[in-house]
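Colleague: Before we look at the model together, could you show me how to read its contacts, its core and its pockets?

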Amino acid sequence: MKKLLLLFCAVLSASAMARIIVATTNVDTVDTYEWEVEDLPGGGVEIRGIDPKPVLEFEIPAAFISADATYPVKRIAAGAFANSIGLTSIKVPPTVESIGDFAFSNCTSLAEIKLEYGIRSIGLRPFVNTMLTTIDLPDSLLEMKGNIAAGCVNDLTININEEESHFTMSDDGVLYNKDMTRLYSCPVRQEGTIKIPDTVEEIMPDAFFGCFRLSYLTIPSSVTSINSAFAGCSGISSLYIESLADWCGVALAPPGAHPFGASEAATRRLFVNGEEVLNNEKGFNGPCVPNSRTVKVHFRKGKNVITHKIMCPP
């Protein structure tokens with residue numbers, strides 16, 4: 001792992017944005033990086049970019065030191081290390097509390113990442129187009145925006161400490177929050193059928209991303225939110241929701257989106273209580289919008305198209 005030696009740092013300005021020059025040493029070479037950082041209200045800084053892009057093994061500094069102060073690194077912004085194609089391994093210090101969306105996307109040689117205790121949140125698709133095969137989630141992690149394995153070249157294995165983690169994992173590798181009300185991820189290697197527990201209320205973004213080996217999935221009546229969860233599930237020809245009444249309360253994100261994603265809407269079929277949903281006045285968003293009166297939902301049953309008028313809740 002590359003050792004960092006802070007040789008010089010420009011003093012942070014009073015403005016929100018500042019640029020810092022940090023020199024690092026690695027054996028007999030000295031690499032100089034220009035870091036773009038932002039002051040955070042509660043102290044510390046967010047890394048927003050680095051130039052040039054780091055290569056090989058790299059360790060993010062825990063703090064930047066000026067002549068009169070120390071600025072701990074608290075956040076890694078969206079896309080901060082994106083496109084670092086020569087980066088093979090990275091260590092994130094324990095001072096970092098959050099990692100933004102796409103933070104390490106397109107780091108096409110990245111095969112190892114070390115997250116320390118201290119991280120509390122991770123954004124959307126942070127490791128798209130990386131070579132990671134495994135990641136250990138620290139017990140300090142409280143929240144993820146979605147499936148952190150989405151878009152990885154390999155089938156990323158997520159490891160947790162069941163006793164101390166805020167998450168739990170089923171025997172088949174499906175990751176949930178501790179009380180199993182949110183489903184975060186299903187491993188790409190999963191095949192056949194998965195039964196979603198009736199405790200689940202929200203299927204998180206990209207939860208089943210790329211699960212092309214799955215063939216059958218039923219959404220239990222407990223689910224009230226589906227967030228673009230099924231992109232790349234080419235093996236699932238149909239998605240089943242248990243009852244029309246339950247479908248009224250399901251919110252799809254983004255609004256109006258097909259649960260398989262726009263690119264696959266034409267070839268994937270959505271069924272509610274055995275009847276195929278064709279479309280409705282709100283697109284594929286849950287047909288009942290609070291405080292609206294009624295909405296028409298169009299179904300195909302055999303060769304006939306049937307229109308249901310549904311009363312929406314207050």
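Modeller: Let us begin with a single polar contact, bearing in mind that this is a predicted model. The side chain of serine 89 makes a polar contact with the side chain of glutamate 112, at 2.8 Å.

Colleague: Where does serine 89 lie, and is it buried or exposed?

Modeller: Serine 89 is placed in strand β7, and because its relative accessibility is 3%, under the 20% cut-off, it counts as buried.

Colleague: Which strands supply residues to the largest nonpolar core?

Modeller: That core has 42 residues, and those with the most contacts inside it are Ile76, Phe81 and Phe104. At least two of its residues come from each of β2 (29-39), β3 (45-51), β6 (70-76), β7 (87-92) and β9 (112-115). Apart from it lies another core, of 20 residues, including Ile194 and Val223.

Colleague: How should I read the pockets?

Modeller: The general idea is that a probe the size of a water molecule, rolled over the atoms, shows where empty space is left. In this structure, the largest pocket holds about 240 Å³ of space, and among its 20 lining residues Ala149, Asp155, Leu156, Pro187 and Val188 are the closest to its centre.

Colleague: Which residues lie nearest the centre of the second largest pocket?

Modeller: They are Glu112, Ile113, Lys114, Leu115 and Asp136, out of 13 lining residues, and the space in this pocket is about 190 Å³. Strand β9 gives the largest share of its lining, four residues, while by class the lining has eight nonpolar, two polar and three charged residues.

Definitions and conventions:
Residues are numbered from 1 along each chain as its sequence is written. This is a predicted model: local features need pLDDT of at least 70, side-chain atom pairs count only at pLDDT 80 or more; totals for chains, interfaces and linings use all residues. Side-chain values use heavy atoms; hydrogens and water are left out. A nonpolar core is a set of buried Ala, Val, Leu, Ile, Met, Phe, Trp, Tyr and Cys residues joined through side-chain atoms within 4.5 Å. Buried means under 20% relative accessible area, exposed over 50%, partly exposed in between (1.4 Å probe, protein chains only). A polar contact is a pair of N or O atoms within 3.5 Å; within protein, one must be able to donate a hydrogen and the other to accept it, and residues adjacent in sequence count only if both atoms are side-chain atoms. On a 1 Å grid over the protein atoms alone, a cavity is a set of points where a 1.4 Å probe fits but cannot get out, and a pocket is an open set with protein on both sides within 12 Å along at least five of seven lines; lining residues have an atom within 4 Å of a point. Grid points are joined across faces, edges and corners, and a volume is the space filled by probe spheres set on the points. Ala, Val, Leu, Ile, Met, Phe, Trp, Tyr, Cys and Pro count as nonpolar, Asp, Glu, Lys and Arg as charged, and the others, Gly among them, as polar.
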